[in-house]
Amino acid sequence: MKHSTIVLLARISIIALAFLGLCVSILYIPGLLTEDAAAVDLALNDGLIGTQSVFRMIFLEICVLPCYAILAIGWMLTVAIERDTVFTTGAARLFRVASFLLCGDAVFYLLGNIAFFVRRWTVGLPVLPVLWVYLIRLVFVVIVLICSLVCAVLYQYLNKAAELKYGKLPELQKKLTEA
């Protein structure tokens with residue numbers, strides 16, 4: 001595949017994912033504030049009614065922010081592909097940042113869902129009917145952690161490729177200028 005085709009497909013995917021995320025944020029998250037939505041869909045709202053669901057909304061919005069940062073990193077990587085500068089330490093650092101963002105977001109999402117599950121259990125709401133929702137969320141966390149691991153591996157490989165392509169000269173020049 002040509003560079004231009006890869007860049008075009010990646011950018012279309014990034015724009016589509018960003019649009020999908022905005023649609024979810026616009027349509028689903030405000031529904032958490034209404035009592036009707038919480039009454040109809042206790043599984044997704046974790047039994048939160050009225051103002052209590054504000055905490056769930058804030059939690060979801062915080063979870064979404066690193067996802068948009070990942071999309072921005074993906075866009076920067078398409079620029080690197082377009083300029084044929086993928087095998088540089090700069091592109092490698094982008095994968096490292098993406099790995100940390102994905103891992104941190106997955107851990108935050110997991111801990112938040114554990115807190116919502118425990119809260120649901122302690123207030124006496126039924127847990128078994130929504131257990132499948134939490135299992136799906138756990139699978140989602142595992143998938144995100146695998147993506148984080150893939151980004152970490154790509155960071156290592158791109159760093160090594162940049163070292164093989166350019167040598168250690170850029171790093172040595174940085175050390176000389178810092179000293």
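Is Arg11 buried or exposed, and what is its relative accessible area? In this predicted model, Arg11 is buried, with a relative accessible area of 19%.

**Charged side chains**

A search of the whole structure finds two salt bridges. In one of them, the side chain of Arg11 meets that of Glu82, with 3.3 Å from N to O. This pair links distant parts of the chain, since Arg11 belongs to helix α1 (residues 3-27) while Glu82 belongs to helix α4, and the two are 71 residues apart. Unlike the buried Arg11, its partner Glu82 counts as partly exposed, at 48% relative accessibility. The charged end of Arg11 also sits over the ring of Trp75, 4.8 Å from the ring centre.

The other salt bridge joins the side chains of Glu163 and Lys160, with 3.7 Å from N to O. Here both residues lie in helix α6, three residues apart, which is about one turn of the helix. Glu163 counts as partly exposed at 27% relative accessibility, and Lys160 is partly exposed as well, with a relative accessible area of 44%. As general background, side chains of opposite charge can pair when their charged atoms come close. Elsewhere, the charged end of Arg137 sits over the ring of Tyr134, 5.0 Å from its centre.

**Aromatic rings**

Five aromatic pairs are found in a search of the whole structure, and the table describes two of them.

| Pair | Centre to centre | Angle between planes | Arrangement |
|---|---|---|---|
| Phe59 and Phe116 | 5.4 Å | 65° | edge-to-face |
| Tyr109 and Phe140 | 5.7 Å | 75° | edge-to-face |

The pair of Phe59 and Phe116 links distant parts of the chain, with Phe59 in helix α4 and Phe116 in helix α5, 57 residues apart. Phe59 counts as buried at 7% relative accessibility, and Phe116 is buried with a relative accessible area of 10%. Tyr109 lies in helix α5 and Phe140 in helix α6, so their pair ties together parts that are 31 residues apart in sequence. Tyr109 is buried at 14% relative accessibility, whereas Phe140 counts as partly exposed at 46%. These four residues, together with Phe108, form one aromatic cluster.

**The nonpolar core**

The largest nonpolar core holds 21 residues, and those that touch the most other members are Phe59, Ile73, Leu77, Phe95, Tyr109, Cys151 and Leu158. Helices α4 (53-82), α5 (89-122) and α6 (131-166) each supply at least two residues of this core, and α5 gives the most, with nine residues. Leaving aside neighbours within four places in sequence, Phe95 is in contact with Leu77, Cys151, Leu154, Tyr155 and Leu158.

Another residue of helix α6 is Ser148, which is buried, with a relative accessible area of 5%. When its neighbours within four places in sequence are left aside, Ser148 is in contact with Ser99, Leu102 and Cys103.

**Cysteines**

Why is Cys67 not bonded to Cys63? The sulfur of Cys67 is 7.7 Å from the closest cysteine sulfur, that of Cys63, and this is too far for a bond, because a disulfide needs the two sulfur atoms to be within 2.5 Å. Cys63 is buried, with a relative accessible area of 6%, whereas Cys67 is partly exposed, with a relative accessible area of 39%. For the structure, the count comes to zero disulfides.

Methods. Residues are numbered from 1 along each chain as its sequence is written. This is a predicted model: local features need pLDDT of at least 70, side-chain atom pairs count only at pLDDT 80 or more; totals for chains, interfaces and linings use all residues. Side-chain values use heavy atoms; hydrogens and water are left out. Buried means under 20% relative accessible area, exposed over 50%, partly exposed in between (1.4 Å probe, protein chains only). A nonpolar core is a set of buried Ala, Val, Leu, Ile, Met, Phe, Trp, Tyr and Cys residues joined through side-chain atoms within 4.5 Å. Helices (H or I, at least four residues) and strands (E, at least two) are DSSP runs, numbered from the N terminus. Contact means heavy atoms within 4.5 Å. A salt bridge is a side-chain nitrogen of Lys or Arg within 4 Å of a carboxyl oxygen of Asp or Glu. Rings of Phe, Tyr and Trp (its six-membered ring) pair if their centres lie within 6.5 Å; planes under 30 degrees apart count as stacked, over 60 as edge-to-face and the rest as tilted. A charge sits over a ring if NZ of Lys or CZ of Arg is within 6 Å of the ring centre and within 35 degrees of the ring normal.
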